[in-house]
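Please open the model in a viewer and keep the selection panel at hand. The stops below are arranged as a tour, each with something to select and a description of what is found there.

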Amino acid sequence: MADLLKGLGATDATAGTLGGTVERNAVNPRSRPLYLVQCDLDVSMVAEVTVNGSGPYAAAGHRTVPGAVGLWLTAAQLAAAGLRDPEERAREQRDTLARMGPDGLFGPAAPEPGGKGKQPDRADGREPASASGSGGTGTTRDAAPGTALPGHAGTLPVGFGLIDELPDFVPLLNRLRAAVDDRSLADDLLPRRRLDDTFDNVQRLLRVLDRDGATGLLAGAMDGGVPVELLRNSSTPGRRATPYWAVFHVRRTGPGTVVGPSAGDREMEYATVAAAQSAQGHQESRTDGLAGGLTGGARSEDGAVGQADGTAGPLAGRTESTGRSRNSRTQTGLRAIVGDAPSARVSIPVRAELELRSAGGRLATVGFDASLVHRTLEKDLAALARMSPVPQERAPGQYPAVAAGAHEASPGGLSAWRAAGATLPLEAQADGFRGAPQVRALIGGAMADAHADTGFRRPGNAAYYAHREAVSTEWLQAALPLLVAGGAELPPVHASGVEGQDIDCSLHARLLDGRLLGESEEMTFETVAQSTAEDGRPAGVEHRQAGRRGRAGGLGGGAGPVRVDQSGMTNTPGAFGAEGGPTGTAGHAAGTVPLQKPKETSALVQFTLEFRAVARVRHRHTQRLRGPAAVGVRDGVLVTPVVIRMPASQARPFADG
């Protein structure tokens, strides 16, 4: 008996991800000193452990390491810690000696020949100011009388500036745990012990609620909320559990009020960065083999049981496989940097909420009222006070929604649609964004027009999460100039099944009704040097190729009694052999992100923002019978206008509205 084995295989894989970040950085000016402070390190640790199924047992430890850490602090941080800088101590010593007078420590000073004692020199080398207060050029200028600053409208997003004060959102976790009526569900999704948190639900939720996470995701929390999926084991083996997720909201409850000027002790940086990553892989394999065997046996006299029966034979084969992959990353973004400029602290009333949801709806909601303090430029406040609503003729809901035809999805149709809007320079940045839920609903409508499966738009589906996480508030704000210039492709999503649907979506934007709100401070526009405005900068690319060749050989066989009334031997045959061969890999990678840093007076321009979503659905197995892919196109205007920061020289054409 001989068997010839032959196999061929090929695999193609593609993957894509989108990401956006909004960063608020505070930088100590170069003209202001930093102070090195030596501190003790105080370390606390708590551990949980189970032993042979018993427990859990908890243990805590604490240790202080004297003088183990050195920190650089600003003057404000030093004062907040209750410490004094060396210059302040020196000034106090000089003031103390001056108050003691010439008879203080060393007795009366010897008179000079002119009969007048010598006045002590100032430590800074300057002459003391006259008692009358009149001085020349060395006198301090009087501060200019303050002007009343407008507030911050309650419908606007929180844009350029720093978050000086933020409420503590961590207590929302315990409140939500107590508000869930089903105690077993609360214990499974939000366990109190770390060892019971199999899926890290509590840890992932705390990364959103703590100060660092809440500050970085504040834009998304104030624009529809930040979802965190909570996992739970299914009660039925082999069946997917019901999806649950917690949503963190920060809702504005009123306009912001100016509480006073800021200390002006920090430079402000506002960075918006959008990145797209893609990966393509191709692999081919080939297998050849030959197996031979010889079977023999002897039958007993009664014919019931065979004796000395067995099989044996050689095995030989070879395998070849090659694979290649390509990973690339494109990036676009801008960092606006302002130095010493007049700024104000704005108190914004908010309501923080944390809700638990499932596919069936809302299960529990907890929240509290608080306020955050936003440090922003005074000129920005004055400019934003001149904003006006979206024009009545463009406002959403004024006319019945009409889906655009499939011909509008062609490259020519998209170019003509974008040409009706304004163009932006590379040094352009959205000053906040509001409307991500509306954009996601627009994409869902385009998918429905293309007859996509409803599972793509239902929570619990991987495609639903892929699009929801990709089209975030942070990404929309950072990628808006790119969407206006040429649009962007969203990560492809797929569904298995009899037909198997593949959905490709793209998102485009245009700016209408441009109107100059006013000029702001001089800024450094640190932007990525893109090759074209229609695409991001190729920040990195990596190619890899691998090949493998192998040979295998061995012997196989077995022996045992064979019963007539049963098929096969009662003992399992065994085999042994060896396999080996060479493997080779090669790869190379390159990438660069050059930056341009022009410095110019900035300006704020208001626009009406309109999006167009295009969806294409292909049926993987039956597309040849169906014809062209189904296309869905939807247009939508955001309710809230968008404000774009750009150089003042580029904003002057919008001065006439």
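Begin with the internal voids: this predicted model holds three cavities of 30 Å³ or more. Display the largest cavity, which has a volume of about 110 Å³. Its lining consists of 15 residues. To find its centre, select P157, D431, G432, P641 and V643, the lining residues that lie nearest to that point.

Next, return to the whole protein and colour it by secondary structure. The assignment comprises 14 helices and 23 strands. Of the 657 residues, 37% are buried. A contact map is useful at this stage: among contacts between residues at least 6 apart in sequence, 82% join residues at least 24 apart.

**Salt bridges between distant parts of the chain**

Now show the charged side chains. The structure holds 26 salt bridges, and three of them are visited here, starting with R335 and E526.

Select R335 and E526, whose closest N and O atoms are 3.4 Å apart in a salt bridge. This pair connects strand 10 (residues 306-338), which carries R335, to strand 16 (residues 501-528), which carries E526, and the two residues are 191 residues apart. Is E526 buried or exposed? With a relative accessibility of 16%, E526 counts as buried.

Move on to D380 and R645, where the N to O distance of the salt bridge is 2.6 Å. Here D380 belongs to helix 8 (residues 378-384) and R645 to strand 23 (residues 642-647), so that the pair links parts of the chain 265 residues apart. D380 is buried, at a relative accessible area of 1%, and R645 is also counted as buried, at 0% relative accessibility.

The next selection is R618 with D504, a salt bridge whose closest N and O atoms are 2.7 Å apart. R618 lies in strand 21 (residues 599-619) and D504 in strand 16, with their positions 114 residues apart in the chain. R618 counts as partly exposed at 32% relative accessibility, and D504 is likewise partly exposed, with a relative accessible area of 24%. To close this part of the tour, select E23, E269, R335, E526 and K597 together: salt bridges that share partners join these residues into one network.

**A buried glutamate without a salt bridge**

Go to helix 12 (residues 473-485) and select E474. Which side chain of opposite charge is nearest to E474? It is R440, at 7.5 Å; E474 is buried yet has no salt bridge. In general, side chains of opposite charge can pair when their charged atoms come close. For E474, a salt bridge would require a side-chain nitrogen of Lys or Arg within 4 Å of a carboxyl oxygen.

Look instead at G220, whose backbone nitrogen lies 3.1 Å from a polar atom of the E474 side chain. Then expand the selection around E474: not counting residues up to four places away in sequence, it touches G20, T21, V22, G216, L217, A219 and G220.

**An exposed position in strand 1**

Finish at A10, in strand 1 (residues 2-27). A10 is exposed, with a relative accessible area of 59%. Beyond its neighbours within four places in sequence, A10 is in contact with Q283 and E284. Draw a distance from A10 to E284 as the last step: their C-alpha atoms are separated by 4.4 Å, although the two residues are 274 residues apart along the chain.

Technical notes:
Residues are numbered from 1 along each chain as its sequence is written. This is a predicted model: local features need pLDDT of at least 70, side-chain atom pairs count only at pLDDT 80 or more; totals for chains, interfaces and linings use all residues. Side-chain values use heavy atoms; hydrogens and water are left out. Helices (H or I, at least four residues) and strands (E, at least two) are DSSP runs, numbered from the N terminus. Buried means under 20% relative accessible area, exposed over 50%, partly exposed in between (1.4 Å probe, protein chains only). Lys and Arg count as positive and Asp and Glu as negative; His and the chain ends are not counted. A polar contact is a pair of N or O atoms within 3.5 Å; within protein, one must be able to donate a hydrogen and the other to accept it, and residues adjacent in sequence count only if both atoms are side-chain atoms. Contact means heavy atoms within 4.5 Å. On a 1 Å grid over the protein atoms alone, a cavity is a set of points where a 1.4 Å probe fits but cannot get out, and a pocket is an open set with protein on both sides within 12 Å along at least five of seven lines; lining residues have an atom within 4 Å of a point. Grid points are joined across faces, edges and corners, and a volume is the space filled by probe spheres set on the points.
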